[in-house]
Amino acid sequence: MRNKILLFLLLLTCFSVSAQKKKIYQVGQIKTSFGEILFWLYDETPNHKASFIKLANDGYWDSLTFNRVIKDFVAQGGCPDTPAGFSDSPYLLKPEFNKNIRHIYGAVASGRDNNPEMLSAGCQFYIVQNKNGLARLDDKYTIFGQVFKGMDLVDKIVSVKTDSTNTPLMPIKLDVNVINMSEADLKKNGYLAIPK
């Protein structure tokens, strides 16, 4: 009997240790009528990451749309791409440029107006759709994420019919969330660059 109890305690300890090692990651999620887009949130841009998480958890974007879509450029959502839109941003963020994070296909970054401090509008984000990337935007706009699932949907989104201001004729509503994923979940959805 004593051996069974010791074996049970040993198994319980092993299970407890393995459960503690199972790390959970916060991932950006955008649900649209086209489907689900998932993207990694960079720890290297902590203020932009925290801002995205806060606004997503508050449901800030859930009444808004992808309001500017340009093929071979970006799909942009959040506050409107107008001076009034930027002034309606809940706050501005100081830039967090990182030489190792570039405007490649699928990069998720914060929009801004032409302010000299390059402050990001907390409310606005865009996804790079140009397959060659947009190097001219590097170190001018803060990148805080990278799409790992759903770029085929972004390709479709930027191909919809738009008006003269690049606004889709049929609104593409946003449902923006932060979801928790394990390493196994991330791998199952195509994300392989999990930090150790």
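## Charges and rings in a predicted model

Lys 131 is exposed, with a relative accessible area of 56%. The cut-off for that word is over 50%. This is a predicted model.

Lys 131 has a charged partner. It forms a salt bridge with Asp 155, and the closest N and O atoms are 3.5 Å apart. Lys 131 sits in the loop between β8 and β9, while Asp 155 belongs to helix α4, so the bridge ties together parts 24 residues apart in sequence. Asp 155 is buried, at 18% relative accessible area.

**Other salt bridges**

How many salt bridges does a search of the whole structure find? The count is nine. Three of these pairs are set out here.

| Pair | Closest N to O distance |
|---|---|
| Lys 49 and Asp 43 | 2.4 Å |
| Glu 183 and Lys 187 | 3.2 Å |
| Lys 131 and Asp 155 | 3.5 Å |

Is Lys 49 buried or exposed? Lys 49 is buried, with a relative accessible area of 15%. Glu 183 is partly exposed at 27%. Lys 187 is also partly exposed, at 44%. Glu 183 and Lys 187 lie four residues apart in helix α5 (residues 183–188), so about one helical turn separates them. Elsewhere, bridges with shared partners join Lys 99, Arg 102, Asp 138 and Asp 139 into one network.

**Aromatic pairs**

Now the rings. The structure holds ten aromatic pairs. In one of them, the ring centres of Phe 39 and Phe 52 are 5.2 Å apart. Why is this pair called edge-to-face? Its planes meet at 65 degrees, and the label applies over 60 degrees. Phe 39 is in strand β2 (residues 35–41), and Phe 52 is in helix α2 (residues 46–57). They are 13 residues apart, and the pair links distant parts of the chain. Both Phe 39 and Phe 52 are buried.

Phe 66 and Phe 125 make another edge-to-face pair. Their centres are 6.2 Å apart, with 75 degrees between the planes. Phe 66 lies in strand β3 (residues 66–69) and Phe 125 in strand β8 (residues 125–128), so this pair ties together parts 59 residues apart in sequence. Both residues are buried.

Ring pairs build a cluster too. It takes in Phe 39, Phe 52, Tyr 60, Trp 61, Phe 66, Phe 125 and Phe 144. A charge can also sit by a ring. Arg 112 lies over the face of Tyr 141, at 4.3 Å from the ring centre.

**The cores**

The largest nonpolar core has 26 residues. Which of them touch the most other members? They are Ile 30, Phe 52, Phe 66 and Ile 127. Elements giving two or more residues to this core include β2, α2, β3 and β8. Phe 66 has contacts further along the chain as well, among them Ala 75, Pro 168 and Leu 174. Apart from this core lies another, of 21 residues. Its members include Tyr 25, Ile 101, Phe 148 and Met 181.

**Helix α2**

Helix α2 has twelve residues. At 1.5 Å a residue, it should span 16 Å. Its end C-alpha atoms are 16 Å apart, which agrees. Its buried residues include His 48, Lys 49, Phe 52 and Leu 55. Just after α2, Gly 59 takes a positive phi of about 75 degrees.

Terms used
Residues are numbered from 1 along each chain as its sequence is written. This is a predicted model: local features need pLDDT of at least 70, side-chain atom pairs count only at pLDDT 80 or more; totals for chains, interfaces and linings use all residues. Side-chain values use heavy atoms; hydrogens and water are left out. Rings of Phe, Tyr and Trp (its six-membered ring) pair if their centres lie within 6.5 Å; planes under 30 degrees apart count as stacked, over 60 as edge-to-face and the rest as tilted. Buried means under 20% relative accessible area, exposed over 50%, partly exposed in between (1.4 Å probe, protein chains only). A charge sits over a ring if NZ of Lys or CZ of Arg is within 6 Å of the ring centre and within 35 degrees of the ring normal. A nonpolar core is a set of buried Ala, Val, Leu, Ile, Met, Phe, Trp, Tyr and Cys residues joined through side-chain atoms within 4.5 Å. Contact means heavy atoms within 4.5 Å. The expected span of a helix is 1.5 Å times one less than its number of residues. A salt bridge is a side-chain nitrogen of Lys or Arg within 4 Å of a carboxyl oxygen of Asp or Glu. Lists of a residue's contacts leave out its neighbours within four places in sequence.
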